[in-house]
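Work through the exercises below with the model open. Each one has a task and a stepwise solution.

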Amino acid sequence: MRYQLFYWPQIQGRGEFVRLALEDAGAAYDDVARAKAGMDKMVAMMNGGSEKRPPFAPPFLKAGKLVIAQTADILFYLGPRLKLAPREEAGRLWLHQLQLTVTDFVKEIHDTHHPIAGSLYYEDQKPEAKKYAHYFLKDRAPKYLGYFESVLQKSGGPNVLGRKFSYVDLSLFQLVEGLRYTFPSAMKRIEKKVPRVVALRDKVAARPRIKAYLASERRLAFNESGIFRHYPELDE
Ligand SMILES: N[C@@H](CCC(=O)N[C@@H](CS)C(=O)NCC(=O)O)C(=O)O
């Protein structure tokens, strides 16, 4: 199966959680919107076009005749096929539950620079962003990362499923990478309380296919158009 991934071409964004799974598995895929005329194709699909079940927003994945949107749902589908999830129901549901928690976390990370409206610029909501980011760094980021730390402790580590590696481990890697870029000072403090999460991040970074991917042109740099944005005034 050759997959087609649809995502905005200039940012890692939510597409990166899917990309990491495809890359780690060595799956064959096209990053459609990064190729010529790919954006037009992506926008046409979102606008309904010929799709009977149109996606609301990217990322979405085309797998044969299936079109699947929502990052967690895409990973739920890909997991067993890429050998990044078990086939048994309880394990799959547990991973899906964790991935949906990642989804919630990503939304709160996004809201640190867009607490009022996604349709406004960051510059139009700076005082609110400062206030939101303060509580995010004080309460929410430690709570989410602390939760994943306890999951790793209970699993026996080094992965959320224990010995077996999964797509959620890749997502935790991406969360740490993104948060380090966004809030370098705050993360130095927060990371001290989540050693298992940090150790998992290091293990993922050393996986041969991930290492090769991170060094390749396919891995875009973080920037101030994506979800993980570095605004020094928000870092504490
Ligand atoms: N819950 C969805 C959110 C998808 C989403 O918000 N996609 C962004 C890009 S990262 C987008 O283009 N949204 C357009 C919009 O919300 O109008 C997921 O996790 O995939």
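**Exercise 1. Classify the lining of the largest pocket in this predicted model.**

Solution.
- Sort the lining by class: nine residues are nonpolar, nine are polar and two are charged.
- Take the volume next: the largest pocket holds about 520 Å³.
- Then look towards the centre. Of the 20 lining residues, Tyr-7, Arg-14, Ala-57, Pro-58 and Pro-59 are the closest to it.

**Exercise 2. Which space does the ligand take?**

Solution.
- The ligand takes the space of the largest pocket.
- List its shell, using a heavy-atom cut-off of 4 Å. The shell consists of Tyr-7, Trp-8, Arg-14, Phe-56, Ala-57, Pro-58, Pro-59, Gln-70, Thr-71 and Thr-103.
- Sort this shell by class: six nonpolar residues, three polar and one charged.

**Exercise 3. Find polar contacts of the ligand with Trp-8, Pro-58 and Thr-71, then state how much of the ligand the protein buries.**

Solution.
- Apply the cut-off: N or O atoms must pair within 3.5 Å.
- Start with Trp-8. An N or O atom in its side chain lies 2.8 Å from a ligand oxygen.
- Go on to Pro-58. Here a backbone N or O atom is 2.8 Å from a ligand nitrogen.
- Finish with Thr-71. A side-chain N or O atom of Thr-71 is 2.8 Å from an oxygen of the ligand.
- Now the area. The ligand taken alone exposes 500 Å², and the protein buries 67% of that.

Notes. Residues are numbered from 1 along each chain as its sequence is written. This is a predicted model: local features need pLDDT of at least 70, side-chain atom pairs count only at pLDDT 80 or more; totals for chains, interfaces and linings use all residues. Side-chain values use heavy atoms; hydrogens and water are left out. A polar contact is a pair of N or O atoms within 3.5 Å; within protein, one must be able to donate a hydrogen and the other to accept it, and residues adjacent in sequence count only if both atoms are side-chain atoms. Accessible areas come from the Shrake-Rupley method with a 1.4 Å probe; for residues, only the protein chains shown count as cover. On a 1 Å grid over the protein atoms alone, a cavity is a set of points where a 1.4 Å probe fits but cannot get out, and a pocket is an open set with protein on both sides within 12 Å along at least five of seven lines; lining residues have an atom within 4 Å of a point. A molecule sits in a cavity or pocket if more than half of its atoms lie within 2 Å of its grid points. Ala, Val, Leu, Ile, Met, Phe, Trp, Tyr, Cys and Pro count as nonpolar, Asp, Glu, Lys and Arg as charged, and the others, Gly among them, as polar. Grid points are joined across faces, edges and corners, and a volume is the space filled by probe spheres set on the points.
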